[in-house]
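Let's take a look at this one together and ask how each label is earned. Have the structure open as you read.

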Amino acid sequence: WGALVQDLHMGDSGTYRYRRYSRFLLNFPELELLEGNSIFQNLHDNPLNGGSLRTFAPLEADHIGNPFLQGLIRRDAELLGLTEGRWAVGVHFLRIVARPDSPGHPAPEGVHLDSERFTVGHLIERENVRGGVFSAYDAEKMPIFHWLQLKAWDSVFFTGSTWHSASPIEVRDPAREGHRDIILIDFDLLEPEEASPQAGVRIDRAQP
């Protein structure tokens with residue numbers, strides 16, 4: 001996570017978010033790397049950063065080919081029952097940084113929707129921070145669920161119709177920075193013509 005790249009698309013001009021992002025095609029259990037590493041959300045779903053195409057640095061090659069990451073994508077798909085059809089899978093490596101003089105914002109857009117059919121958030125690490133509570137809301141944006149992910153691999157699964165947010169993080173020790181690292185894996189069902197695998201790149205199922 002120390003090699004992530006600062007997100008330059010923040011509508012609030014924040015410098016606290018670092019990210020890498022790549023897309024895959026899942027035709028269970030086969031995975032292929034897809035062309036492009038951009039996302040688009042409309043302003044209704046994401047009032048801060050929506051309305052424009054955002055392009056991010058891709059995952060590094062050793063992450064794309066990592067058997068653990070491949071297995072994680074497949075396991076999430078199994079738990080969601082996505083073993084039929086062709087699915088676009090977006091994988092975000094994210095670090096939110098809290099500094100002694102300013103908090104970090106996991107969800108600076110506030111209560112919002114994701115554009116994909118399903119999203120999974122896996123906590124990787126919390127270092128010198130407090131906060132970062134995940135909250136879900138009903139259709140009227142009334143809170144119905146709160147959870148603080150504290151341990152590595154604490155994971156939350158939610159649908160694209162789930163309004164959600166995450167509270168800011170602040171440093172515990174004011175003498176140094178803190179951070180919250182997560183993997184977001186999202187799934188969207190594709191029509192056959194929508195998937196464009198990257199030429200010459202294939203990810204084979206990891207062998208035991």
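**Cores and rings**

This is a predicted model, and its largest nonpolar core has 22 residues, with Phe24, Leu26, Ile73, Val89, Val91 and Phe187 making the most contacts inside it. Strands S2 (17-27), S3 (30-33), S6 (87-98), S7 (118-127) and S14 (178-189), along with helix H2 (67-80), each give two or more residues to this core.

Q: Which residues are included in the second, separate core?
A: That core has seven residues, and Ile96, Ala98, Val129 and Val171 are among them.

Q: Why is the pair of Phe134 and Phe158 called tilted?
A: Ring centres have to lie within 6.5 Å to pair, and tilted planes are neither under 30 degrees nor over 60 degrees apart. Here the centres are 5.4 Å apart and the planes sit at 40°, so tilted it is.

Q: What makes this a tie between parts apart in sequence?
A: Phe134 belongs to strand S9 (residues 134-137) and Phe158 to strand S11 (residues 155-159), so the pair ties together parts 24 residues apart in sequence. Both Phe134 and Phe158 are buried, and ring pairs link the two with Phe145 into a cluster.

Q: What makes Arg19 count as lying over the face of Phe56?
A: The charge must be within 6 Å of the ring centre and within 35 degrees of the ring normal. Arg19 is at 4.2 Å from the ring centre and lies over the face of Phe56.

Q: Where does Lys141 lie?
A: Lys141 is over the face of Trp163, at 4.2 Å from the ring centre.

Technical notes. Residues are numbered from 1 along each chain as its sequence is written. This is a predicted model: local features need pLDDT of at least 70, side-chain atom pairs count only at pLDDT 80 or more; totals for chains, interfaces and linings use all residues. Side-chain values use heavy atoms; hydrogens and water are left out. Rings of Phe, Tyr and Trp (its six-membered ring) pair if their centres lie within 6.5 Å; planes under 30 degrees apart count as stacked, over 60 as edge-to-face and the rest as tilted. Helices (H or I, at least four residues) and strands (E, at least two) are DSSP runs, numbered from the N terminus. Buried means under 20% relative accessible area, exposed over 50%, partly exposed in between (1.4 Å probe, protein chains only). A nonpolar core is a set of buried Ala, Val, Leu, Ile, Met, Phe, Trp, Tyr and Cys residues joined through side-chain atoms within 4.5 Å.
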